[in-house]
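User: Hey, I'm new to reading protein structures. Can you walk me through this one?
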Amino acid sequence: MKNKIFSILKKELREVFRDKKSLSMMLIIPIMIPLLVIGMSSFFDYQINKNIDNSYNVGFNYKLSDYENELTKNVKFKNKIDNEKNLEKLLEDGKLDFFITKKDNKYTIHYDQNIETSTLYVTVAEQYLNSYKSILQANYLDEFSINSKEVLDIITIDYKTISKKNNSFYANYITTYAFLFIIMAITISATYPATDTTAGEKERGTLETLLTFPIKSRDIILGKFLSVFISSIITGVLSFILTLISLLYVNKMDIYKNISILPNLNTSLITIFIIICYSALISGLCISIASYSKTFKEAQSALTPLSFISFFPGMIAFMIKIKTTTLMSIIPFLNFTQIFNDINSNNINYLHISLMFISTVFYIGLILFIIIKQYRNEKVLFNS
């Protein structure tokens, strides 16, 4: 039995590695992951540094006082003094971030709510006006020999942030999306060899020849499954290695200052274990779905939704911060991403990992059982 399975496995792997499309799916798709990690990290780093060092183009429809001139220098305003109509035109043309008009003692902030940074500009404008108001209030009180600090600073406000050690929003964001793209890369790389070894062989007529050999359907299926499984693991491990290299590169950016986004050895080993489990599940699913198709093209169309199913549940769960539960750890697709998020946050729950593994083995066994039944049914097998 082992020799027959090994013979089928050798045949299928030979075809996979000879086929340029299979190789491109297996090796080229993982290259997209470093581009994602480096690109998104660079974007976040640019945005943060931009917000820290940014100066603002601000318009005023009145002459600024000495206090205001000093204050606008401190908050890095590039001032433009003009009438309201001209300032509104400059705002529409994107030459001003916002402008402030004054009528008596009423100040109005004008901004474009259609741009992404409008909330930031409103906050900056409010902070400026509140600072100026505090200066005017202090001067007014001092004129009447009233201690302005006792009045204006009657209460003090302090800020204290609570954060987990070795954790940040951007680090979790990048590593989670990198993992989701690893899952997607595995899915895409599994679809082509699974399609070729099932619907492709039907279309070429080589499956009938294979079934004339003295080999059980079970051995044929296991050989085909293992070939897709191995190619999926290659893609997954290669993707993970490229992810580690890209994380090592971006770890030097200011956005990750004092934070190590590289996984430790324990996290890396569990991640590889998750990748292997997912590769096995998706390989069985791809072969099962493709076996029902009459042609290569039909099989590819049937397998396309798997790419979305593999990516979006995990992405949505991460965005709305769903916590992993015992039930969730046995739900296919969702459990892989949830457990990765847990171990990435140094929250390793071996019960959830064990349930993920046991449920995956059960699903794979069920899938292989269904495929073997398909291959024993000539009506399904040859679509007659």
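Analyst: Sure, we'll go through the sheet, then a salt bridge, then a pair of helices. Keep in mind that this is a predicted model.

User: Okay, the sheet. What order are the strands in?
Analyst: The order is β2-β1-β3-β4, in an open sheet of 4 strands with mixed pairing. β2 (77-81) and β4 are the edge strands, each pairing on one side only. From one strand to the next, the twist averages 25°.

User: What does pairing involve, in general?
Analyst: Strands of a sheet pair through backbone hydrogen bonds, and they can be parallel or antiparallel.

User: So which is it for β1 and β3, parallel or antiparallel?
Analyst: Parallel: strand β1 (residues 56-60) is joined to strand β3 (residues 98-103) by 3 bridges. You can find V58 opposite F98 in β3, and F60 has I100 as its bridge partner in β3.

User: And how many bridges are there between β3 and β4?
Analyst: There are 5, and this pair is antiparallel, with β4 covering residues 106-110. K103 sits opposite K106 in β4. The two strands form a hairpin with 2 residues between them, and D104 there has a positive phi near 60°.

User: Which helix packs on that sheet?
Analyst: Helix α5 (residues 84-92) does, touching β1, β2, β3 and β4. The direction of α5 makes about 165° with that of β3.

User: Switching topic: how many salt bridges are there in the whole structure?
Analyst: A search of the whole structure turns up 1. K89 pairs with D93, and their closest N and O atoms are 2.8 Å apart.

User: Why does K89 count as partly exposed?
Analyst: Because its relative accessibility is 46%, and partly exposed covers the range between under 20% (buried) and over 50% (exposed).

User: And what about D93, buried, exposed or in between?
Analyst: D93 counts as partly exposed because its relative accessibility is 41%.

User: Cool. Now the helices. At what angle do α10 and α11 cross?
Analyst: Roughly 140°, and the axes of helix α10 (residues 217-250) and helix α11 (residues 265-291) come within 8 Å. The crossing is right-handed.

User: Which residues meet there?
Analyst: On the α10 side they include F225, V228, F229 and F240. On the α11 side, I272, I275, I276 and I287 are among them. By class, the contact of α10 with α11 has 11 nonpolar, 7 polar and 1 charged residues.

Definitions and conventions. Residues are numbered from 1 along each chain as its sequence is written. This is a predicted model: local features need pLDDT of at least 70, side-chain atom pairs count only at pLDDT 80 or more; totals for chains, interfaces and linings use all residues. Side-chain values use heavy atoms; hydrogens and water are left out. Two strands pair if DSSP finds at least two bridges between them. A salt bridge is a side-chain nitrogen of Lys or Arg within 4 Å of a carboxyl oxygen of Asp or Glu. Buried means under 20% relative accessible area, exposed over 50%, partly exposed in between (1.4 Å probe, protein chains only). Axes are lines fitted to C-alpha atoms, for helices over the stretch in contact, and angles run from 0 to 180 degrees between N-to-C directions. Contact means heavy atoms within 4.5 Å. A crossing is left-handed if the near helix is turned anticlockwise from the far one by less than a right angle, and right-handed if clockwise. Ala, Val, Leu, Ile, Met, Phe, Trp, Tyr, Cys and Pro count as nonpolar, Asp, Glu, Lys and Arg as charged, and the others, Gly among them, as polar.
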